[in-house]
Amino acid sequence: MRAITYTRPATAQAAITAFAQAGEGARYIAGGTTLYDLMKLGIETPAHLVDVSAIEGLGSIDTGGDVLRFGGMATMADVARDRVVMERYPLLAEALGKAASQQLRNMATVGGNLLQRTRCLYFRNGASGLYPCNKREPGSGCAAIGGLDRGQALLGQSDACTAVSPGDWPVALVALDASVEVEGPDGTRTMPVADLYRMPGDTPHLEFTLRPGEIITAVMVPATAAGRRSTYHKVRDRESYAFALASAAVALEMDGETVREARIALGGVATVPWRARAAEALINGAPLTRERALATGHAAFADARPGRHNAFKIQLGAEVVADAVMIAAGRAS
Ligand SMILES: Cc1cc2nc3c(=O)[nH]c(=O)nc-3n(C[C@H](O)[C@H](O)[C@H](O)COP(=O)(O)OP(=O)(O)OC[C@H]3O[C@@H](n4cnc5c(N)ncnc54)[C@H](O)[C@@H]3O)c2cc1C
């Protein structure tokens, strides 16, 4: 048995101080829905837990202004059922609502969701030393490459790691150019959600760009008319309580039948939440047809590099994008 200290400060500043004082082995914990999981698997072994769930003000939801602001501790369930989010940003409500289960969403936070680690089975099931994993143990190798790679990434992978970024919510946020506010020992800063994630390269164990001791205090989404014509379309092995095999967040601004501006991001297929710029360029300015939507889907996977068992996700992913485009276009502006 390992001893773990636990504190639950009431302010962000107190949490940052507690984290710094705890030193090596300190971790923040919010809903605990993934961190406790990883502790039980022996993948995360924190010595000090600083619980950020009681920090005053971090559970707030403000959807009234030019920027939607969700406190880092707002639960996934509360944000998913916010009236403005449901009516004007269906892709956000759907990305949250199609993730995990209702019980998990009641506990899990929109800040914690951004920092969840991969579900790669070799990462999660090898802490006993059964499988090498560069993310879990830098330099040990990657059992997924040449192994059972059905769920692995087609985009953004490296020779060291092919693990998929698992979250749904970050994909929708990246499509909307959302940002996070973080507070840490050096003060407060904001950065695009997309910049929170590192490509694996040869250091796949370095997953996020947060500095030690930084807390995600808010997620901010610029208000946009494209939110209304949007969707988060997710295909998985079973229709609920499963991670994406392939997903697409799509938001459209249209002039009649013509797409003025499309925002497209992919989940379940890449090592980070993946903005599909080439696909956007193909559809922007074009009259929308199913054929054009499918060509857009294929453009999103033009750079895909499949492994042994996951090439099927190229066609699947292209169809998911095409369906998402058609669903979004069918929604009233
Ligand atoms: C069975 C199961 C199925 C799931 N299915 C899905 C799914 O389909 N789609 C999906 O997207 N997710 C899914 N999830 C993941 C789930 O959404 C996450 O576990 C949850 O969002 C994490 O939030 P949390 O508040 O519980 O984070 P925690 O577990 O408390 O923390 C997660 C990580 O974030 C850090 N952290 C937490 N909050 C902050 C903060 N404010 N600032 C800085 N660091 C912080 C912690 O140190 C930790 O490293 C599933 C989880 C389970 C267990």
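**Figure 1. Salt bridge between Glu239 and Arg236 in the predicted model.** In this predicted model, Glu239 forms a salt bridge with Arg236, their closest N and O atoms lying 4.0 Å apart. The two partners fall into opposite accessibility classes: Glu239 is exposed, at 58% relative accessibility, whereas Arg236 is buried, with a relative accessible area of 10%. Elsewhere, Arg27, Glu44, Arg117, Lys135 and Glu207 are joined into one network by salt bridges that share partners. The count of salt bridges comes to 23.

**Figure 2. Salt bridge between Asp237 and Arg150.** The closest N and O atoms of Asp237 and Arg150 are 2.9 Å apart, and the two residues form a salt bridge. This pair links distant parts of the chain, 87 residues apart: Asp237 belongs to the loop between strand 9 (230-235) and strand 10 (246-255), and Arg150 to the loop between helix 8 (121-124) and helix 9 (169-175). Asp237 counts as exposed because its relative accessibility is 56%. Arg150, at 38% relative accessibility, counts as partly exposed.

**Figure 3. Salt bridge between Asp177 and Arg263.** Asp177 forms a salt bridge with Arg263, with 3.2 Å between the closest N and O atoms. Asp177 is in the loop between helix 9 and strand 6 (179-184), while Arg263 is in strand 11 (residues 258-267), so the salt bridge ties together parts that are 86 residues apart in sequence. The relative accessible area of Asp177 is 40%, which makes this residue partly exposed. Arg263 is buried, its relative accessible area being 10%.

**Figure 4. Surroundings of Glu214.** Glu214 is located in the loop between strand 7 (187-192) and strand 8 (215-222). With a relative accessible area of 7%, Glu214 is buried. A polar atom of its side chain lies 2.8 Å from the backbone nitrogen of Arg211. When residues up to four places away in sequence are not counted, Glu214 touches Tyr28, Val182, Glu183, Gly184, Pro185 and Arg189.

**Figure 5. The largest nonpolar core and the contacts of Trp169.** The largest nonpolar core has 41 residues, of which Leu91, Leu92, Leu114 and Trp169 touch the most other members. Helix 9 gives the most to this core, contributing six residues. Beyond its neighbours within four places in sequence, Trp169 is in contact with Phe70, Val79, Leu92, Ala95, Leu96, Val110, Asn113, Leu114 and Val219. A second, separate core comprises 29 residues, among them Leu154, Met254, Ala279 and Ala324. In soluble globular proteins, nonpolar side chains tend to be buried together.

**Figure 6. Cysteines Cys142 and Cys161.** The structure holds zero disulfides. Cys142 is in no disulfide, and the nearest cysteine sulfur, that of Cys161, is 5.8 Å away. For Cys161, the closest cysteine sulfur is likewise that of Cys142, at 5.8 Å, which is too far for a bond, since a disulfide requires the sulfur atoms to be within 2.5 Å. Cys142 is partly exposed, with 22% relative accessible area, whereas Cys161 is buried, at 6%.

**Figure 7. Domains of the protein chain.** The chain is divided into domain 1 (5-54) and domain 2 (227-328). Their C-alpha centres lie 36 Å apart.

Terms used. Residues numbered from 1 in each chain as written. Predicted model: local features only at pLDDT ≥ 70, side-chain atom pairs only at ≥ 80, totals over all residues. Heavy atoms only, no water. Salt bridge = Lys/Arg side-chain N within 4 Å of Asp/Glu carboxyl O. Helix = DSSP H or I, 4+ residues; strand = E, 2+ residues; numbered from the N terminus. Buried < 20%, exposed > 50% of the residue type's maximum accessible area, 1.4 Å probe, protein only. Domains from an automatic or database assignment. Polar contact = N/O pair within 3.5 Å; in protein donor to acceptor, adjacent residues only side chain to side chain. Contact = heavy atoms within 4.5 Å. Core = buried A, V, L, I, M, F, W, Y, C linked by side-chain atoms within 4.5 Å.
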